[in-house]
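Please look through the sequence and the 3D structure below before reading on. The paragraphs that follow go from the whole chain to a few selected places in it.

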Amino acid sequence: MKNIATTSRVKVSADGHGVVSHAGMAMLRELADWTGLSTQVTAALADTYRGPWVYAPGEVFADLAAAVADGADCIDAVGQLCGDREHAFGAKASTTTMWRLVDERIDAAHLPAVRAARAAARAAAWAAGAAPTGDDWLHIDIDATLVIDHSDNKHGAAPTWKKTFGLHPLLAFLDRPEIAGGEALAGLLRTGNAGSNTASDHIIVLAQALAALAPVCRPDPAT
């Protein structure tokens with residue numbers, strides 16, 4: 001039987017050889033592959049390349065997502081978390097390649113397909129046993145949060161209502177008591193001076209959050 005694992009196996013050892021930190025990132029990356037996220041994002045972005053790629057766009061996308069889950073707050077941090085651990089996680093794309101993916105390839109025309117890939121991967125994960133348990137209701141929390149950025153050359157950075165400087169994104173999470181912070185569904189990056197209760201922004205984020213759910217869990221306007 002062929003081994004479908006994409007990375008080396010991780011084991012606990014007390015001898016001090018082959019030690020690697022943040023080993024859990026390897027499992028997150030494998031999850032992206034097993035749920036079809038990497039493959040579907042690659043298909044969604046394939047036409048943004050003029051020729052063959054060295055790193056498939058879906059793999060770069062999954063690397064970025066895994067690094068964010070592990071605490072990275074910028075693209076440069078992905079290299080810090082993954083660059084010296086290729087023996088465990090496999091080779092990673094350069095920072096330039098990662099920047100090009102998010103800054104050029106995932107544009108307004110391709111973003112819906114990327115979101116659809118995320119929704120399909122979530123549906124696959126839920127079907128495999130990761131679905132919410134409990135009652136038949138799903139509760140979505142929508143809230144704005146301030147992200148401090150002291151550099152005024154960041155796109156959208158502006159004075160905030162708390163007299164700080166930065167961004168004011170609006171985020172939607174599925175309320176799941178068994179998951180700290182809930183399950184992220186959607187988000188809208190906004191300027192620092194955006195309002196906390198802007199109805200149009202809430203409508204956009206809610207629509208994106210509902211589309212991110214597995215199809216069986218989305219509301220049916222006809223019923």
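Among the contacts that join residues at least 6 apart in sequence, 59% link residues that are at least 24 apart, and this figure, like every other one here, belongs to a predicted model. The protein has 223 residues, of which 34% count as buried, while the area that the protein exposes comes to about 13,700 Å², with carbon and sulfur atoms supplying 58% of it.

The secondary structure can be followed along the chain, where 8 helices and 6 strands are found. Reading from the N terminus, the order of these elements is α-α-α-α-α-α-α-β-β-β-β-β-β-α.

A good place to look at packing is the pair formed by helix α3, residues 57-69, and helix α6, residues 95-105, whose axes come within 10 Å of each other and cross at roughly 95 degrees. Because angles from 65 to 115 degrees count as roughly perpendicular, α3 is described as roughly perpendicular to α6. On the side of α3 the contact is made by Pro-57, Val-60, Phe-61 and Leu-64, and on the side of α6 by Thr-97, Met-98, Leu-101 and Val-102. Sorted by class, this contact of α3 with α6 has 7 nonpolar residues and 1 polar residue, with no charged residues.

Two loop residues can now be considered in turn, beginning with the question of where Arg-176 lies. Arg-176 is in the loop between β5, which covers residues 170-174, and β6, which covers residues 183-188. Is Arg-176 buried or exposed? Its relative accessibility is 8%, and because buried means under 20%, Arg-176 counts as buried. If neighbours within four places in sequence are left aside, the residues in contact with Arg-176 are Trp-126, Ala-130, Ala-131, Pro-132, Gly-182 and Glu-183. For Ala-130 there is a further detail, in that its backbone oxygen lies 3.0 Å from a polar atom of the Arg-176 side chain.

The other loop residue is Trp-137, which is found between α7, residues 111-130, and β1, residues 140-144. Here the relative accessibility is 65%, and since exposed means over 50%, Trp-137 counts as exposed. Trp-137 also shows how residues separated along the chain can be placed in space, for Trp-137 and Cys-217 are 80 residues apart along the chain, and their C-alpha atoms are separated by 9.3 Å.

Definitions and conventions: Residues are numbered from 1 along each chain as its sequence is written. This is a predicted model: local features need pLDDT of at least 70, side-chain atom pairs count only at pLDDT 80 or more; totals for chains, interfaces and linings use all residues. Side-chain values use heavy atoms; hydrogens and water are left out. Axes are lines fitted to C-alpha atoms, for helices over the stretch in contact, and angles run from 0 to 180 degrees between N-to-C directions. Helices (H or I, at least four residues) and strands (E, at least two) are DSSP runs, numbered from the N terminus. Angles under 35 degrees count as roughly parallel, over 145 as roughly antiparallel, 65 to 115 as roughly perpendicular and the rest as oblique. Contact means heavy atoms within 4.5 Å. Ala, Val, Leu, Ile, Met, Phe, Trp, Tyr, Cys and Pro count as nonpolar, Asp, Glu, Lys and Arg as charged, and the others, Gly among them, as polar. Buried means under 20% relative accessible area, exposed over 50%, partly exposed in between (1.4 Å probe, protein chains only). Accessible areas come from the Shrake-Rupley method with a 1.4 Å probe; for residues, only the protein chains shown count as cover. A polar contact is a pair of N or O atoms within 3.5 Å; within protein, one must be able to donate a hydrogen and the other to accept it, and residues adjacent in sequence count only if both atoms are side-chain atoms.
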